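Here's a quick tour of a ligand site, with a look at ring pairs afterwards. Keep the 3D view open while you read.

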Amino acid sequence: MTLELSVPRVGADTPRTATPCTFLMCPPTYFDVVYTINPWMDLTVPVDTARAVEQWEALRRTYERHGHTVHVVDPQPGLPDMVYAANGGIVVGGRALAPRFTHAERQAEGPVFSRWFDDAARAGVLGPDGVSVGQADELNEGEGDLLLAGDLLLAGTGFRTSRAAHAELGRRLRLGEQGITVVTLELVDPRYYHLDTALTVLAPGLVAYLPEAFSRESLDTLRDLFPDAILADPDDAAALGLNAVSDGRHVYLNAAATGMHARLRERGFEPVGIEIDEILKGGGSVKCCTLTLRPTQHPVVEPTSLVAEPTSPVVEPTSPVVEPVETTQRWNVVSTGPTTGGVVSTGSTTPRRAAR
Ligand code: ARG
């Protein structure tokens, strides 16, 4: 009898497969820094809008060269941050939810993205049964704070998107029906004010993050969920090296985030460096410029990689939406049950993920 040992391969020779993606982007036609709503925005540093447009065009061409599809939303005068299209909402399983911005300066973007989703749904861009469900009721800055990692929707809070918005997501996006659980993560460093500046999803069960950007409790959650995560250091994060887009093999990120490039190569990914310093002046990089559209025909839920202990979450379909209170509860999990707005409690043990 042969004994087969299954040893997780997480080195530079780990095979990585690219999947074609569909993105939404917005050209920086009106990009500028005329207000300060994050610590990166310095009113004394001039912005070269033409250069921002060139850098953005290069990013778009890079995606297309790698086989990805890019849709474009028309930029609007007076909305200089529209280039950060990741904040334009979130699309899961063909259901598109438009954002509600925290700061007055960006609030008018919400309806613009909402209308784009309406048109996209009609045109079939969101897939055969794709639907635009309108704007969020709660403060919700889209994929800036909401990152899908397999069957987990990692949801940032602390600076922009509210906890109430995390609860709203389950209902509006029908996450329960799609087998997706929302995991709340609290951000504590104002420089990393959106989740996508502090964490990047590289593959369904693999993320990279800056530990210092998270509260103690959220850090415990991340360690439990992603034991093989790439841990970034403050230099990687300061170059916005975590503000990256992965297609499963290629990782598109700031060319200047060289430390992060090395960490990615060590795990078998191919970093694709993007010159983006002009767009960086508003406090965002590659991921901020990129919203992932997940049309209905694309598989949303990966074959589950959770080795559950217990085997499945305990669903209490009739309970109201509340934060779990058990002292042994390590996640702030807010989700819908399969058909109702109930809470999914993960019980006293945290499910473990297979090594990646
Ligand atoms: N100036 C923009 C803001 O503060 C930058 C947004 C960056 N977007 C992102 N997805 N992190 O809102």
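What follows covers the ligand's surroundings and then the aromatic pairs.

Keep in mind that this is a predicted model. Let's start with the ligand's address: the ligand sits in the largest cavity. Around the ligand there are 17 residues, and the closest are Asn-38, Arg-106, His-194, Asp-196 and Cys-288. Sorted by class, that shell holds six nonpolar, seven polar and four charged residues.

Three side chains make polar contacts worth clicking on:

| Residue | Ligand atom | Distance |
|---|---|---|
| Asp-81 | nitrogen | 2.9 Å |
| Arg-160 | oxygen | 2.9 Å |
| Asp-196 | nitrogen | 2.7 Å |

Asp-196, then, is among the closest residues to the ligand and also places a polar side-chain atom 2.7 Å from a ligand nitrogen. How much of the ligand does the protein bury? Taken alone, the ligand exposes 350 Å², and the protein buries 100% of that.

Now for the rings. Searching the whole structure turns up six aromatic pairs. One of them is Phe-31 with Tyr-84: the ring centres are 6.1 Å apart and the planes meet at 85°, so this pair counts as edge-to-face. Where do the two partners lie? Phe-31 is in the loop between β1 (22-25) and α1 (49-65), while Tyr-84 is in the loop between β2 (69-72) and β3 (90-92), so the pair ties together parts that are 53 residues apart in sequence.

Terms used:
Residues are numbered from 1 along each chain as its sequence is written. This is a predicted model: local features need pLDDT of at least 70, side-chain atom pairs count only at pLDDT 80 or more; totals for chains, interfaces and linings use all residues. Side-chain values use heavy atoms; hydrogens and water are left out. A residue is near a molecule or strand if one of its heavy atoms lies within 4 Å of it. A polar contact is a pair of N or O atoms within 3.5 Å; within protein, one must be able to donate a hydrogen and the other to accept it, and residues adjacent in sequence count only if both atoms are side-chain atoms. Accessible areas come from the Shrake-Rupley method with a 1.4 Å probe; for residues, only the protein chains shown count as cover. On a 1 Å grid over the protein atoms alone, a cavity is a set of points where a 1.4 Å probe fits but cannot get out, and a pocket is an open set with protein on both sides within 12 Å along at least five of seven lines; lining residues have an atom within 4 Å of a point. A molecule sits in a cavity or pocket if more than half of its atoms lie within 2 Å of its grid points. Ala, Val, Leu, Ile, Met, Phe, Trp, Tyr, Cys and Pro count as nonpolar, Asp, Glu, Lys and Arg as charged, and the others, Gly among them, as polar. Rings of Phe, Tyr and Trp (its six-membered ring) pair if their centres lie within 6.5 Å; planes under 30 degrees apart count as stacked, over 60 as edge-to-face and the rest as tilted. Helices (H or I, at least four residues) and strands (E, at least two) are DSSP runs, numbered from the N terminus.
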